[in-house]
Each structure stands twice: as C-alpha cells, then as structure tokens.
Amino acid sequence: MIEMKVAGIAIDAVSRNPIVLLRDTLERRALPIWIGEAEAKAIVGGLDGRPSERPMTHDLLLNFFDAWGLTVERIVVHALKNSTFFAVITVSQGDVKKEIDARPSDAIAIAVRAKCPIWVMEEVILEASIPVDQDADEAERRAFREFLAKLTPEELVKNSGIESN
C-alpha cells in the first residue's frame, strides 16, 4: 500500500465533473478520482477545517463514531473495477477493528475530517495513476535497468533463497 494525501480538487475540462487528486507522499504519482459535486464540497469543507453551521453527513457519521467510542484508523482505496474505485474505512473500538465498505469520495471526506491516513493499493496506483515527476520516474527506470544489467544468474539464485543443484 502507498500512503497518499489529498492534493486538491479539480474540474474535468470535458465533463465539468469534479476530480479529487491524491498524491503520494514522495510527490511522484497522482491518482485522479472522478467524484460528485456534493462529495467535492464535503472534501473541501474537511480540508478547510471550518465547522459548518449544522453537521453535514460526513460530520454526522463521525459524531456517531465518537458517541460509540469508535476511532477512524485509515481508509484504503483497494480496487478499481470497470472504471469504479472501491474503498474501505477501517474503524476500531479497543482491539476490535472493522472495515466498512465506502465510496472513495465519502471515505476521503471522512479521512480529511478524522485526520487519518489515506492508503491506496499498489495495483490501483499502477492501473490508474499519472506521473507527477517524469524525470524521477525515468531516473528510477534507468537505475533499475542498470541493476538488472549487472545482475548475474548466480546472484539472482543466491539472493532468492532457492538452492541450485
């Protein structure tokens, strides 16, 4: 899993739909997730940290969690199927942890309010992220190719824990 932060909300130039942009902590990859307007407002409201006059839905849910002694541990965007992202919110009560299925937009709105980490599975990053720092990406690929070029079959077998006959 890769920890990510909310980099901001953008508007898709073609569809005019909001996009939440997650960025890894090294500022190397960004993950755009198309969301609804209400969810975009909820995320921005959570990032601003200004309390609303009345509790909004995500605030209400956190109030329930607090009333029942539940702590939001983290959210995880764990899958991408047919252009739809899937997430879970991990909550705990003492030693008991539960994962609650959620839309990523709702999970992110809760995460920014609860100030908990946002994680994304590597498979999702590989499939849907965009490079932020292409020079660093190319340098990493070049270093990996150089490493592979210098690696001998004997070193590969020796470092794999596989015994050769």
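How many aromatic pairs does a search of the whole structure find? I note before answering that this is a predicted model, and that the search returned zero aromatic pairs. I then looked for a charge over a ring, and found K81 lying over the face of F86, at 5.3 Å from the ring centre, which falls inside the cut-off of 6 Å for such a placement.

Next I went through the elements of the protein chain, where I recorded six helices and eight strands, and I wrote down their succession from the N terminus as β-β-β-α-α-β-β-β-α-β-α-β-α-α.

For the sheet, I traced an open arrangement of eight strands in the order β6-β5-β4-β7-β1-β2-β3-β8, and its pairing is mixed. Since β6 (96–102) and β8 (130–131) stand at the edges and each has a single partner strand, one side of each is left without a neighbour in the sheet.

I looked more closely at β1 (residues 2–11) and β2 (residues 18–24), which run antiparallel and are joined by seven bridges; within this pair, K5 stands opposite R23 in β2. Across β1 and β2 I found helix α1 (residues 37–48), running at about 115 degrees to β1.

Last, I took down the totals for the protein chain, of whose 165 residues 33% count as buried. The accessible surface comes to about 11000 Å², with 55% of that area belonging to carbon and sulfur atoms. For contacts between residues at least 6 apart in sequence, I noted that 50% join residues at least 24 apart.

Note on methods. Residues are numbered from 1 along each chain as its sequence is written. This is a predicted model: local features need pLDDT of at least 70, side-chain atom pairs count only at pLDDT 80 or more; totals for chains, interfaces and linings use all residues. Side-chain values use heavy atoms; hydrogens and water are left out. Rings of Phe, Tyr and Trp (its six-membered ring) pair if their centres lie within 6.5 Å; planes under 30 degrees apart count as stacked, over 60 as edge-to-face and the rest as tilted. A charge sits over a ring if NZ of Lys or CZ of Arg is within 6 Å of the ring centre and within 35 degrees of the ring normal. Two strands pair if DSSP finds at least two bridges between them. Helices (H or I, at least four residues) and strands (E, at least two) are DSSP runs, numbered from the N terminus. Contact means heavy atoms within 4.5 Å. Axes are lines fitted to C-alpha atoms, for helices over the stretch in contact, and angles run from 0 to 180 degrees between N-to-C directions. Buried means under 20% relative accessible area, exposed over 50%, partly exposed in between (1.4 Å probe, protein chains only). Accessible areas come from the Shrake-Rupley method with a 1.4 Å probe; for residues, only the protein chains shown count as cover.
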